[in-house]
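Here's a quick briefing to read with the model open beside you. Grab your viewer and follow along.

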Amino acid sequence: MNAHGSNDEHAMDYGDYLRLDDVLSAQHPLSPDHNELLFIIQHQTSELWMKLMLHELRAAINNIAVDQLQPAFKMLSRVSRIMEQLVHAWDVLATMTPPEYSAIRAHLGHSSGFQSWQYRCVEFACGNKQVAMLEPHRHSDDRFAEVEAALHQPSLYDETLRLMRRRGIAVPDHVTTRDVTDPYVSNPGVESAWLQVYRDPAANWDLYQLGEELVDLEDAFRLWRFRHLTTVQRIIGFKTGTGGTAGVSYLRAMLEVELFPELWSIRTAL
């Protein structure tokens with residue numbers, strides 16, 4: 001109760017609940033340039049969306065691990081919609097021209113989106129595991145520990161394949177017992193397992209729906225990566241990225257990554 005005898009939550013207003021004073025005071029441009037606020041807000045809001053994405057991905061993985069697919073479907077659908085939001089966020093940043101970015105670039109120091117620990121955890125949760133990707137996070141013990149923990153957790157696809165095996169689908173044993181810190185490599189036995197599901201959807205409806213949720217998610221992820229690439233190329237061309245990263249060449253290589261390869265290859269076989 002507060003001093004007036006009412007519950008504290010009844011006295012709480014919109015700004016209090018959302019901690020807007022904290023959120024809206026977190027933008028501190030380092031240059032005198034008008035456009036830096038756009039750059040900061042673009043990346044801060046993307047990190048907020050990624051926080052929600054991780055919340056949903058981790059919950060979906062946990063639900064799949066205990067055969068609770070209905071809530072997992074909802075969570076995965078939400079992740080795909082979050083990625084759509086992130087795709088459109090690049091449209092706003094793309095209004096920044098090369099001269100405008102050049103005016104703020106010197107003030108960014110060694111900071112780089114490559115150091116986004118949340119993005120790395122999203123990649124790891126989706127199965128794009130690379131031990132080398134731990135290195136950009138060594139400057140912070142806490143963040144390094146979190147990313148390293150994500151590396152050692154089964155990915156969304158790992159838990160999906162384990163679920164299929166529990167359901168009697170012939171996923172090879174060495175796939176479900178593999179070292180989950182290694183990048184996933186496409187496997188003919190897994191393709192055959194998915195073909196079994198897709199050739200008889202009525203008998204395997206929830207696995208069939210799970211497969212399509214994963215395809216939706218990867219489709220959205222590919223669009224996100226593509227818009228990232230085109231926005232960076234539009235603003236800085238083929239220059240080296242901030243913090244010494246490879247910039248466009250690295251982003252282009254990421255377009256070739258397939259998270260759930262057999263779910264794409266079975267389209268040809270079907």
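What follows is a short tour, from the overall fold down to single side chains.

Keep in mind that this is a predicted model. The chain has 14 helices and zero strands, and buried residues make up 44% of its 270 residues. Side-chain pairs come up a lot below: the structure holds 17 salt bridges, and a search of the whole structure finds nine aromatic pairs.

**Overall build**

- Reading along the sequence, you go from helix to helix, in the pattern α-α-α-α-α-α-α-α-α-α-α-α-α-α.
- Along the principal axes, the C-alpha atoms fill a box of roughly 60 × 60 × 35 Å.
- The accessible surface of the chain is about 14,300 Å², and 55% of that belongs to carbon and sulfur atoms.
- Take the contacts between residues at least 6 apart in sequence: 70% of them join residues at least 24 apart.

**Helix 7 meets helix 12**

- Y119 and F221 make an edge-to-face aromatic pair, with 6.4 Å from centre to centre and 85 degrees between the planes.
- That pair links distant parts of the chain, since Y119 belongs to helix 7 (residues 117-126) and F221 to helix 12 (residues 205-236), 102 residues apart.
- Both Y119 and F221 are buried.
- A salt bridge joins the side chains of E123 and R225, at 2.7 Å from N to O.
- This pair also links distant parts of the chain, with E123 in helix 7 and R225 in helix 12, 102 residues apart.
- Are these two charged residues buried or exposed? E123 has 0% relative accessibility, so it counts as buried, and R225 counts as buried because its value is 6%.
- R225 has another partner: it lies over the face of F221, at 4.3 Å from the ring centre.

**Elsewhere on helix 12**

- R222 lies over the face of W264, 4.2 Å from the ring centre.
- A220 sits in helix 12 and counts as buried, with 6% relative accessibility.
- Which residues does A220 touch, leaving out those up to four places away in sequence? They are S80, M83 and V87.
- A220 and V87 are 133 residues apart along the chain, and their C-alpha atoms are separated by 8.2 Å.

**Aromatics around helix 11**

- W194 and Y198 are both in helix 11 (residues 188-199), four residues apart, which is about one turn of the helix.
- Their ring centres are 6.1 Å apart and their planes meet at 70 degrees, so this pair is edge-to-face.
- W194 is buried at 0% relative accessibility, and Y198 is buried at 10%.
- W194 and Y198 belong to one aromatic cluster together with W205 and Y208.

**Salt bridges with partly exposed partners**

- Opposite charges on side chains can pair up when the charged atoms come close.
- R166 and D67 meet in a salt bridge through their side chains, at 2.7 Å from N to O.
- R166 lies in helix 9 (residues 156-166) and D67 in the loop between helix 4 and helix 5, so the pair ties together parts that are 99 residues apart in sequence.
- R166 is partly exposed at 43% relative accessible area, and D67 is partly exposed at 32%.
- E84 and R81 form a salt bridge of 3.0 Å, N to O.
- E84 and R81 are three residues apart in helix 5, so about one helical turn separates them.
- E84 counts as partly exposed at 36% relative accessibility, as does R81 at 40%.

**Backbone oddities and a surface patch**

- R19 has a positive phi of about 55 degrees, although it is not a glycine.
- You'll find R19 in the loop between helix 2 (14-18) and helix 3 (20-24), and it is exposed, with a relative accessible area of 54%.
- D67 also has a positive phi without being a glycine, near 60 degrees, and its loop runs between helix 4 (36-65) and helix 5 (69-93).
- M12, Y14, Y17 and L18 form a nonpolar patch on the surface, with about 480 Å² of accessible area together.
- Within that patch, L18 lies in helix 2 and counts as partly exposed at 36% relative accessibility.

Methods. Residues numbered from 1 in each chain as written. Predicted model: local features only at pLDDT ≥ 70, side-chain atom pairs only at ≥ 80, totals over all residues. Heavy atoms only, no water. Helix = DSSP H or I, 4+ residues; strand = E, 2+ residues; numbered from the N terminus. Buried < 20%, exposed > 50% of the residue type's maximum accessible area, 1.4 Å probe, protein only. Patch = residues over 30% accessible without salt bridge, like charges linked within 9 Å, V, L, I, M, F, W, Y side chains within 5 Å. Areas by Shrake-Rupley, 256 points an atom, 1.4 Å probe, with all protein chains shown as cover. Salt bridge = Lys/Arg side-chain N within 4 Å of Asp/Glu carboxyl O. Phe/Tyr/Trp six-rings, centres within 6.5 Å; stacked < 30°, edge-to-face > 60°. Lys NZ or Arg CZ within 6 Å of the ring centre and 35° of its normal. Contact = heavy atoms within 4.5 Å.
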